[in-house]
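Biologist: Please take a close look at one part of this structure, the largest pocket. What lines it, and what lies beyond it?

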Amino acid sequence: MKYILTVLAFMACRFTLCEAQTGAPYIHDPSTIAECDGKYYTFGTGGGGLISEDGWSWHSGAERPGGGAAPDVLKIGDRYLVIYGATGGGLGGGHNGRILTMWNKTLDPKSPEFKYTKPIEVCSSDGMEDQDAIDPGLLLDPTTGRLWVSYGTYFGTIRLIELDPKTGERMKGNKEKDIAIDCEATDLIYRDGWYYLLGTHGTCCDGVNSTYNIVVGRSKSVEGPYIDNVGRDMFHGGGRMVIAAGDRVCGPGHFGRTVIDEGVEILSCHYEADFERSGRSVLGIRPLLWKNDWPVAGDRFKEGTYEIESERRGYSLELAVDFVRMQQERQGWFNREQMQKPAKPIPNQTLEEVQATWPAGNIPVRCGDYMFRPHQHWTITAVPEAGGYLSNPYFKITIAGTNRALCSTASKEVGTVPEFTGSDEQLWRIEQLTDGSFRVMPKRIAGEEGINTRYCLYSAGDSTPTLAEYDFGSDNSKWNFRKQ
């Protein structure tokens, strides 16, 4: 009985590791994730924040003076601008809030260049008006170079102000503009001619009873109006859902967008409560998809047995082995006597029926018509001890029921080896792209230095998988996973 309980505990631990950021990802009101010298940083309410070496395992250690609430961070040139609310939100001084900015050359507290500048106040609220100066979000407009801040809570309006991107100070003569209500913890992003206002709706700070969710509206102008998918203005309570509760976490809030590569984006947030971690507030990272020019949260890739299907043709990734025919009583429309017999199911071909026909050593792979056969079924299992990347740990990909593992080769090809050994060439990064398909990349390619971030599983021909440089514009780089 003790052994069974131990196994069950291990399985529960693996499930948790696969479903959420590992380490100590405890944070509330996280800033947009920023990269600095190969590490990832996010800051939270109360000062401090989290650091990650790989984007998957997080630990405390980020430093931000000033305390307060709901910071954001943005790299501008070779410096990092940090903005935060000193009070507000009912914290301490009620709704009498102040928002401040400060700069640093680095986010690494161990660097000799680590030193924040003196904070500068850029706006405030007096506690009497219907507005609360807290929860700022930064946008550096890529089309104009202008720097914008949205801020505010349910206590009144969401406001927009402009800062000087060189100093972090309020632009002289700038007048704040009200752009939304009925949300808080807003963030502004720009994509393909549209400005998007992401706002956190619902109730916070109540653990497993928090109803936080993230909604969005868009506009052709940074100053709005921000309209949702059915024509409602966010200034009158509109907003299209981006992410809500699911997978035993609830209360997503404080949206941040990180672009990893063309067509590869993630959203960051906190979950008010992780049901698997005592209901604590934790960092959440999900793929960010774009559907009809609207942002929506994708799902982190999960373990299971799949058909791996090429977007190029719809063919299935498979072992390059002989096709073994299945025996069947001959059917035909002309056999009227046979057609009078009761129909009965035909069992799927099993691994035991065909594995002896496969070669014993390395076996190449190819793509072919999917026929739900054993050589086309792949079991994908997380290997969290091997590290990870933003949104997932690395995975091993094996033929279902065996330890035969998909691997990259020194000639930038792809094949299988009889046994999974845990080498970097047998570990795979699986990321959902903004269009909903996936890219699949080996962690390392034999003979190449460092972690691979260029070459992906690629359909060089309808039946010819290989490794080639990732190209979001080509269906050759894209794959889909069909659960078996």
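Modeller: The largest pocket holds about 580 Å³ of space. A pocket here is an open set of points on a 1 Å grid over the protein atoms alone, with protein on both sides within 12 Å along at least five of seven lines. Its volume is the space filled by probe spheres set on the points, which are joined across faces, edges and corners. The lining of the largest pocket has 22 residues, and T32, I33, L74, R257 and T258 are the closest to its centre. Lining residues have an atom within 4 Å of a point. Five strands give two or more residues each to this lining: β2 (34-36), β6 (69-76), β10 (137-140), β14 (184-191) and β18 (249-261). Strands are DSSP runs of E with at least two residues, numbered from the N terminus.

By class, the lining of the largest pocket has 15 nonpolar, two polar and five charged residues. Ala, Val, Leu, Ile, Met, Phe, Trp, Tyr, Cys and Pro count as nonpolar; Asp, Glu, Lys and Arg count as charged; the others, Gly among them, are polar.

Two points on the source. This is a predicted model, where local features need pLDDT of at least 70 and side-chain atom pairs count only at pLDDT 80 or more, while totals for chains, interfaces and linings use all residues. Residues are numbered from 1 along each chain as its sequence is written, and side-chain values use heavy atoms, with hydrogens and water left out.

Now the enclosed space. The structure has four cavities of 30 Å³ or more. In a cavity, a 1.4 Å probe fits but cannot get out. The second largest cavity has a volume of about 100 Å³. Its lining counts 14 residues, with P30, P136, T186, H254 and F255 nearest the centre. β6, β14 and β18 each supply at least two residues of that lining. The same three strands are among those that give two or more residues to the largest pocket. The lining of this cavity divides into six nonpolar, five polar and three charged residues.

Two of these strands also border loops with a positive phi. D192 sits in the loop between β14 and β15 (194-201). Its phi is near 50 degrees, and it is not a glycine. D192 is exposed, at 56% relative accessibility. R248 lies in the loop between β17 and β18. R248, also not a glycine, has a positive phi of about 60 degrees. Its relative accessible area is 45%, so R248 counts as partly exposed. Exposed means over 50% relative accessible area, buried under 20%, and partly exposed in between (1.4 Å probe, protein chains only).

Conventions: Helices (H or I, at least four residues) and strands (E, at least two) are DSSP runs, numbered from the N terminus.
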